[in-house]
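Welcome, and take a moment to get your bearings before we begin. We will walk through this structure step by step, going from strands to helices and then to the place where the chains touch.

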Amino acid sequence: MSEVIDARGLVRRYPADGPPVRAVDGVDLVVEAGETVSVMGPSGCGKSTLLHLLGGLERPDAGELRLGGRRVDGLSETQWAIFRRRSVGFVFQAFHLVDELTAVENVELPALLLGVSRRDARRRAMGLLERLAVAERAGHLPDRLSGGEQQRVAVARALINEPLVVLADEPTGNLDSRATGDILKLFAELRQARQTLLIVTHDARVASTADRLLTMRDGTIVAQTRLGSGASVAGILASLADLGGDG
Amino acid sequence: MRDVIMSLLAKEPAHGYELRQRLVKALGPAGGALNPGQVYVTLSRLERAGLVEAMEVAQPSHPDKKVYELTAAGRERVHQWLADVTWSKVAPVEFHLKLVVAAATRLADPVALVDAQRLELLRELHQLQELALEEPADADGALLLEGAALRLQADIRWLEVCERRWVERESR
């Protein structure tokens, strides 16, 4: 399998009153193609900063980063912008849709920026909106959409250029439980479709959709586990069906 | 189990196999984990306790089958069961005590125990959600899985509170 993300010794410091705070303090992380990884940890553990480093929204103070085999930690701002457009899809807590564009226009924008023809961009965007069950809202502006619909549009936008990896930062942080349920299903589908996906979240249900879970504390990864292993389905079902003895 | 079996008889009399089928359907994927004999054992105990009555029904091409019916006492018990607000397990008390003991004796690091426990619950949650995705959304069993998932989620949140508390204590 090929490595989509290969990070070695990533460090990110923030200035502080005393010595600089090490928000990310020496993280090694390899994510294989088709893998879904979630990152959990208490507020301030560095998980969002890590996601920003992996997507080039912030630069590491030390360490190496390769995405899809390409060394990217030394890219200039412009080079990053071009690389990101093609290779990284972002999903944010606050959706970040362009208010003046309709849903479908938001989705097709990254494709148009890459030079895809209007016709192809529209066709791809509509295909994704259909897949994400928001096609009937395609012509609406973001403020006419519910939070869950906006986030599905944002996921469609993240997917339109078939990125190497989708990076999602608290994707359900602004959603009610029903809309969260829709996003959970969506992530499960992306996982089955082998879309490489990294999710930073404090929501256990979102985190548990992944193949692998990382726990961060004080800027480092303190634990990781494969979620599909361990807990036995038979054991879980037996405890669900436990109606007590017949006494 | 007794109350559940009686409540399944409240609508109409049924034989053991029918009862088991109803229960399996209501439980969804968890239904497969039921002990096959349990329904029959429970029925005979209920019969001895006077809460259900059995009638032999002749069948043309099969051996006679036993059909069970609630007695008046049984029906009264079902009403009590439906109104009863006892809830299973308010808090994972055993795990709480584990943390207290670990900290006091230094036999284990409470934060490490919380981490290990959280990973285990997340693995369970992963499996539950996989099962839930396979269930049709309108199946009764899907609701049971949803309940189990929400409960695990609450337990995981509580573990986060435990983590904060024990991290603070350990760093003092």
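Let us start in chain B, where strand 1 and strand 3 (residues 65–70) run antiparallel and are joined by two bridges. To find this pairing by eye, look for Ala14(B), which stands opposite Tyr68(B) in strand 3 of chain B. These strands belong to an open sheet of three strands in chain B, with the order 1-3-2 and antiparallel pairing. At its edges lie strand 1 (14–15) and strand 2 (52–57) of chain B, each of which pairs on one side only.

Keep in mind that you are looking at a predicted model. How does chain B score on average? Its mean pLDDT is 88, and 100% of the residues score at least 70. Among the elements of chain B, the highest mean pLDDT, 93, belongs to helix 3 of chain B, and the lowest, 88, to helix 5 (residues 93–105) of chain B. For the complex, the predictor gives an ipTM of 0.83 and a pTM of 0.84.

Now turn to a pair of helices in chain B. The axes of helix 1 and helix 2 (residues 16–27) of chain B come within 10 Å and cross at roughly 105°. An angle of 65 to 115 degrees counts as roughly perpendicular, so that is how helix 1 and helix 2 of chain B lie to each other. Which residues make the contact? Helix 1 of chain B brings Val4(B), Ile5(B) and Leu8(B), while helix 2 of chain B brings Leu19(B), Arg22(B) and Leu23(B). By class, the residues of this contact between helix 1 and helix 2 of chain B are five nonpolar, no polar and one charged.

Next, move over to chain A, which has an open sheet of its own. This one has four strands in the order 2-1-4-5, with antiparallel pairing. Its edge strands are strand 2 (21–32) and strand 5 (70–71) of chain A, each pairing on one side only. Strand 5 of chain A pairs with strand 4 (residues 62–67) of chain A in the antiparallel sense, over two bridges. Here Arg66(A) has Arg71(A), in strand 5 of chain A, as its bridge partner.

Further pairings in chain A involve strand 9. On the one hand, strand 3 (residues 36–40) and strand 9 (residues 212–217) of chain A run parallel and are joined by four bridges. You can spot this pairing at Met40(A), whose bridge partner in strand 9 of chain A is Thr215(A). On the other hand, strand 9 and strand 10 (residues 220–226) of chain A pair in the antiparallel sense over six bridges. There, Leu214(A) stands opposite Gln224(A) in strand 10 of chain A. The hairpin of strand 9 and strand 10 of chain A has two residues between the strands, and Asp218(A) takes a positive phi near 50° in this hairpin.

Finally, let us see how the chains meet. In this interface, 34 residues of chain B are in contact with 28 residues of chain A. On the side of chain B that touches chain A, the elements giving two or more residues are helix 1 (2–9), helix 3 (38–48), helix 6 (110–134) and helix 7 (140–171) of chain B. Which helix gives the most to this side? That is helix 6 of chain B, with 13 residues. By class, the side of chain B that touches chain A has 18 nonpolar, eight polar and eight charged residues.

Key. Residues are numbered from 1 along each chain as its sequence is written. Chains are lettered from A and ligands numbered from 1 in the order in which they are written. This is a predicted model: local features need pLDDT of at least 70, side-chain atom pairs count only at pLDDT 80 or more; totals for chains, interfaces and linings use all residues. Two strands pair if DSSP finds at least two bridges between them. Two residues are in contact if their C-beta atoms, placed from the backbone, lie within 7 Å. Ala, Val, Leu, Ile, Met, Phe, Trp, Tyr, Cys and Pro count as nonpolar, Asp, Glu, Lys and Arg as charged, and the others, Gly among them, as polar. Axes are lines fitted to C-alpha atoms, for helices over the stretch in contact, and angles run from 0 to 180 degrees between N-to-C directions. Angles under 35 degrees count as roughly parallel, over 145 as roughly antiparallel, 65 to 115 as roughly perpendicular and the rest as oblique. pLDDT is the predictor's confidence in each residue, from 0 to 100.
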